[in-house]
There are 6 protein chains.
Amino acid sequence: MNRNELVSFLDDYLQVSAYPDKSSNGLQVEGKAEVERIAFAVDTTLKTIEGAVKGKADMMIVHHGMIWGGLNYITGIHYKRLKMLIENDLNLYVAHLPLDAHPEVGNNVGLLRLLDLEPKRPFGEYKSLSIGFYGEFEEPQPIEKVAQIIAEKLDTTVRTYEFGKRVIKTVGAISGAGAFALEEAYRKGIDLLITGEFGHADYLTALDLPQSVLVAGHYKTETLGVKALMKLIRERFGLDVFFIDEPTGL
Amino acid sequence: MNRNELVSFLDDYLQVSAYPDKSSNGLQVEGKAEVERIAFAVDTTLKTIEGAVKGKADMMIVHHGMIWGGLNYITGIHYKRLKMLIENDLNLYVAHLPLDAHPEVGNNVGLLRLLDLEPKRPFGEYKSLSIGFYGEFEEPQPIEKVAQIIAEKLDTTVRTYEFGKRVIKTVGAISGAGAFALEEAYRKGIDLLITGEFGHADYLTALDLPQSVLVAGHYKTETLGVKALMKLIRERFGLDVFFIDEPTGL
Amino acid sequence: MNRNELVSFLDDYLQVSAYPDKSSNGLQVEGKAEVERIAFAVDTTLKTIEGAVKGKADMMIVHHGMIWGGLNYITGIHYKRLKMLIENDLNLYVAHLPLDAHPEVGNNVGLLRLLDLEPKRPFGEYKSLSIGFYGEFEEPQPIEKVAQIIAEKLDTTVRTYEFGKRVIKTVGAISGAGAFALEEAYRKGIDLLITGEFGHADYLTALDLPQSVLVAGHYKTETLGVKALMKLIRERFGLDVFFIDEPTGL
Amino acid sequence: MNRNELVSFLDDYLQVSAYPDKSSNGLQVEGKAEVERIAFAVDTTLKTIEGAVKGKADMMIVHHGMIWGGLNYITGIHYKRLKMLIENDLNLYVAHLPLDAHPEVGNNVGLLRLLDLEPKRPFGEYKSLSIGFYGEFEEPQPIEKVAQIIAEKLDTTVRTYEFGKRVIKTVGAISGAGAFALEEAYRKGIDLLITGEFGHADYLTALDLPQSVLVAGHYKTETLGVKALMKLIRERFGLDVFFIDEPTGL
Amino acid sequence: MNRNELVSFLDDYLQVSAYPDKSSNGLQVEGKAEVERIAFAVDTTLKTIEGAVKGKADMMIVHHGMIWGGLNYITGIHYKRLKMLIENDLNLYVAHLPLDAHPEVGNNVGLLRLLDLEPKRPFGEYKSLSIGFYGEFEEPQPIEKVAQIIAEKLDTTVRTYEFGKRVIKTVGAISGAGAFALEEAYRKGIDLLITGEFGHADYLTALDLPQSVLVAGHYKTETLGVKALMKLIRERFGLDVFFIDEPTGL
Amino acid sequence: MNRNELVSFLDDYLQVSAYPDKSSNGLQVEGKAEVERIAFAVDTTLKTIEGAVKGKADMMIVHHGMIWGGLNYITGIHYKRLKMLIENDLNLYVAHLPLDAHPEVGNNVGLLRLLDLEPKRPFGEYKSLSIGFYGEFEEPQPIEKVAQIIAEKLDTTVRTYEFGKRVIKTVGAISGAGAFALEEAYRKGIDLLITGEFGHADYLTALDLPQSVLVAGHYKTETLGVKALMKLIRERFGLDVFFIDEPTGL
């Protein structure tokens, strides 16, 4: 398949132009003009690029690219990653916020669907855009139950911070580092915020609001989007696809 | 002791005016004019304020205050924290970057001294200021040995990411969220970066540099500065002091 | 009445979210959750807060709050005002530009109505929003006549600067410090600008345009909005209300 | 005298390049190349320009010029003023902040000298520069006495706001609109702030600090600098000089 | 004709308020109130102003005015130009980007029409606005043919840089310094970019894209808009008009 | 020779850290660690990179790199250039403003030396740094004579714009696009400005100042610095060096 046609489809489907470009969404690094085999990964590291090369991919589609805010020098890790991409003619396509927020293949609708919840309304305002969603159980669930389901389906351990509600009716989901949405969650009466990463300062905010939080891992919560997109690409275009799993444990 | 005299001493000793004021260093919230008893804590939360009140403190001295970048509304957690401070006439004195960077009582010289290292040179440029230090062992040490000492002395568990060197000669210390210094550490040939908090994106940078990292907890690494300052204040002014330990586990 | 319901009504009725937030419009300082008695005032000073406390108010609604551009330190006058508010559980609700510009209870429609004029069109562009209005007499009036009416109805002395027209057909109103609108007034053929405050630099502009101006006092011109809002709140919700009059003479 | 030589002297003597240029200090509008007769005024208005023309001046030296923050259009009052300047070959030299702050001919040392005070230390930080001074009486004076002297020597009426001290030892002076220095005055223990203009918002700050203030008129307090500079120019260069008095009463 | 009516017509017809105002579009310098005779020119220089004066014009309408980004000082060339304008009561009306982009009288539709092409779609994004157009030949033309037509019709020599296509189907036009549109031209498959000015850095971009370029002179390409507007003004209002030709050869 | 040592020498000698980094001075793209053979060129284009590869260079040292203001996407010409650099392990070292301004090997001292002039004083303020110099003939020279010498020594044709002086005593030099210094040249009494590139807008400024200008080509005027640096590197380190001449004619 022609690379530019695929890029046009992705730009369109993911509404790339609607998002601020600090993360350089879209075709971030050019490679070969024809694409038959695509590697999907959460991150762009030497290991994932190597995985793509070994798998004979023509393109990588990732959530986290290698340019944030513009490259001023192509040295050090930027050089090493770029050298491996370029010497192997690999295209690098990036979908960061567009893949968090997408209503069909996004990380956040993906998190809700692990709990059999449908997204009820957008949630999680980040730079004037809502990148998450929340949903509502028909019957309130104990927080332990929610934690158990997420842990099983993501095949990981999860932590809960039960500062607020312990019986959960509404659930908000923000994959990755979603603690910026703590105050919005509390204000909107969302009983539980599911997110990926949770630091010291976030803890202090959640504690005093108080807001209950379930932390399932930055990496794990962001595998959902790339995997859903992978399925769509395979089905729609009949291309070869594979997922490269390189968890950070964080 | 007169509150204003104590504040003048602290502002001077910690060189508060040399630091950018987004974290509102100095006397952040006014309280009673006479100060005899001071509570020290890492954070300003309802629990630590409550601890100060129960301990009959006249002032809290903390690393993390309650204002970051200016308060536009005094509602929600800001209201609750401020209400408890004001109703108890508690002064709140904040030393954020000044207490990371201080050459005598700072968190980062504190971390090095746990390893019996003297700070050799400033390190860790943050907004044009160096807020950390690095030191050098006379004899290189295995990373496990370093991890064991830190774990014991901070009474916590530590994680190591052995992406670079495993036998350590030079050690850089940046308490709290110090991953911004990963590339500087690698460039300067610092074998091990000790820091408090380490997220998914930091992992990817350290992995590809590659740079070895020891993670000892945001909270734990930032108890050193307030405790050292507490000792100084007691010895110099003969005031009553006590430490409020409210770890976040992060 | 529940405080949050009242705040929602006010935010909505005054279209608070349409205005830039440097003046922190809306519930600026939280207080008790139930509100039965409300004090209205132009300004937030120790005296007006004291007046609200003595009058046993649960909330103050003011034109000028106590936060402008974010509070970095809660010391000095900010501390004193906040302490009195918080220790008395007083809510502070602020409507600055929203109350200048409002088409029903605003200061500026209020000024026009003193002259039995209906607002004809918005006027007075300030940060891309029009915050005043102008109206038109059926019969042109001598400026002395207009001055006399304003002086009587606001119970104050007024000054006129008769640099332009002396017989007035169109009148623009910008309460408080409205001299920013001098050039717009001249360009739009508004015969008289009524405003509250007029400084040396404003005089020079009006003189050379030339533009006639009537100055009725910053304080006096801004009593109209809070009083109109007070009436509305009493009638609509049956709450106890009272006005605290603390003129500055300016 | 050659115009460029005079401009060089003034730029140097007043240290024009040390001040931010929003007020376009220095030779703001070019005119004839030879200068024998100079008009001094506080403001640049059609009347003062006319005064300069009638007095057959070759240059005007003023405190307030006609460009603030860059001219985008030369229409309206800018056109009228500029036309009169240019058609009469009048040079316009402006010294705004440089003439407030100057240690010999500045407005603020001038105000202190009316009270036979010597400037003790710079005061009044405005955009990182101190533009005023304060001085100290040997014997404390009642505020009425100070007011009486200022009123007599400036030949005007003054207002006092006796919110703080009524017996005055230290006096700070900021000509024109000097209320930005209220909090600094209070913090530094300056008993009385003398300034020119004082608005509604300034009143509220002074009231709650509390800080005593003497208001002597924006215009009147800024005649001192241009008159002192006039004397210097006459004595040093033997040029013809005259002062154009166009008070605004503000 | 009344000057203000003409200005209103022009502001409206050229949609002046839709363009960023760094070039101070609209009536840039005021002159006499009645306008019967108008000089048109590309630039505002002493020579073109002199030409307008000799031709007894009441107004100049130009593509390049004399204010860019605000005038801070009226000295040197700004003074000389302004003095000549003001002493001759000449109005100066400026239409910079509005005259590049206009769909009827714009420079860029003008360039396409030299080749008998109709504008097909806007092109040439500059500060979020499209200021050029592109068109399409029914039959592809050799680049030499296109160059010959442009050279003849503009009565000038042109240069071609045949880095890309040599047989031309689509032509984009950006008068003046239009090299900012090189990458957009290449991306949109525009075979030839016609522009006015082309520097060293532009050459390097065109070479490597590769993109063919025809350079016809900054001055020459910008005579089209003012001449078209001149024709419109004469026909619509019956005013006297004349064009002042002062080519720079660039 | 070790690449990092050479880079350290160059960074130091050219004072790279003293210049704003929009042009990413220093090692812009990493390549092989050992450097024995270095290609020098004015620009980074596919042709000059190809020249370096054919010449078996390990590093290119250029005046114009390939990154200006940060790369957001590595596609199009950026991809093509980078691919050729990376696949050939070529280091790219950039010295833009540092090589204009250098007092020994800089382009601008180079231009003066063509005329046997020594730099008298820095000149040409660009973003708060002086990047050029001016010198003075012992005997004034006719402008034609100056033009002839420059033309011969740079082996090119030059244009002169004799708007000001025609007999030249002082000469200022700003290689490349140096017209930003026209007003400074005029103000400082510099009789002739020598520069490389001169556009339509520059012409208008020079014409009205009036200022005489000699234009010798952007490319040609910027060959001097890289050639002087090439000589230094060969002599100091004994490395193989060669120059790639790819003139743009501009």
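Q: In this predicted model, what is the area buried between domain 1 of chain A and domain 2 of chain A?
A: Let's start with the layout: chain A is divided into domain 1 (3–95) and domain 2 (100–218). Their C-alpha centres lie 29 Å apart, and the contact takes 8 residues from domain 1 and 9 residues from domain 2. Carbon and sulfur atoms give 60% of the area buried between these two domains of chain A, and that area is about 680 Å².

Q: Which three residues supply 59% of the area that domain 1 of chain A buries against domain 2 of chain A?
A: By class, the side of domain 1 of chain A that touches domain 2 divides into 5 nonpolar, 2 polar and 1 charged. Three of the residues of domain 1 give more of its buried area than any other three, and they are A:Tyr13, A:Tyr19 and A:His63.

Q: How many residue pairs in polar contact does the rule find across the interface of domain 1 of chain A and domain 2 of chain A?
A: Salt bridges add nothing here, as the count between the two domains of chain A is 0. For polar contact, with both residues at pLDDT 80 or more, the number of residue pairs across this interface is 3.

Q: How many residues of helix 8 of chain A are buried?
A: Helix 8 of chain A runs over residues 200–208 and is mostly covered. Its buried residues include A:His200, A:Tyr203 and A:Asp208. What covers them includes strand 7 (159–161), helix 7 (182–187) and strand 10 (212–215) of chain A, together with helix 2, helix 3 and helix 9 (218–221) of chain B. Of the 9 residues in helix 8 of chain A, the number buried is 7.

Q: Is A:Ser24, with its positive phi, buried or exposed?
A: Most residues other than glycine have a negative phi. A:Ser24 departs from that pattern with a phi near 50 degrees, and A:Ser24 lies in the loop between helix 1 (3–13) and strand 1 (26–29) of chain A. Because its relative accessibility is 0%, A:Ser24 counts as buried.

Q: Is B:Lys56 buried or exposed?
A: Here is another residue other than glycine with a positive phi, this one near 60 degrees. B:Lys56 is found in the loop between helix 2 (46–54) and strand 3 (59–62) of chain B. Since its relative accessibility is 65%, B:Lys56 counts as exposed.

Q: Which residue does B:Leu209 join through a cis peptide bond?
A: Most peptide bonds are trans. The bond after B:Leu209 is cis, with omega about -5 degrees. The partner lies in the loop between helix 8 (200–208) and strand 10 (212–215) of chain B. Joined to B:Leu209 by this cis bond is B:Pro210.

Q: Which residue of chain B meets C:Lys83 in a salt bridge?
A: Now to the interface of chain B and chain C, where the area buried is about 2000 Å² and 23 residues of chain B are in contact with 23 residues of chain C. The rule finds 2 salt bridges across this interface. In one of them the N to O distance is 2.8 Å, and the side chain that meets C:Lys83 is that of B:Asp89.

Q: Which helix gives the largest share of the side of chain B that touches chain C?
A: Across the interface of chain B and chain C, the rule finds 15 residue pairs in polar contact. Strand 1 (26–29) and helix 3 (76–87) of chain B each supply at least two residues of the side that touches chain C. The largest share, 6 residues, comes from helix 3 of chain B.

Terms used. Residues numbered from 1 in each chain as written. Chains lettered and ligands numbered in written order. Predicted model: local features only at pLDDT ≥ 70, side-chain atom pairs only at ≥ 80, totals over all residues. Heavy atoms only, no water. Helix = DSSP H or I, 4+ residues; strand = E, 2+ residues; numbered from the N terminus. Buried < 20%, exposed > 50% of the residue type's maximum accessible area, 1.4 Å probe, protein only. Contact = heavy atoms within 4.5 Å. Buried area = accessible area lost by both parts, 1.4 Å probe. Salt bridge = Lys/Arg side-chain N within 4 Å of Asp/Glu carboxyl O. Polar contact = N/O pair within 3.5 Å; in protein donor to acceptor, adjacent residues only side chain to side chain. Domains from an automatic or database assignment. Nonpolar A, V, L, I, M, F, W, Y, C, P; charged D, E, K, R; others polar.
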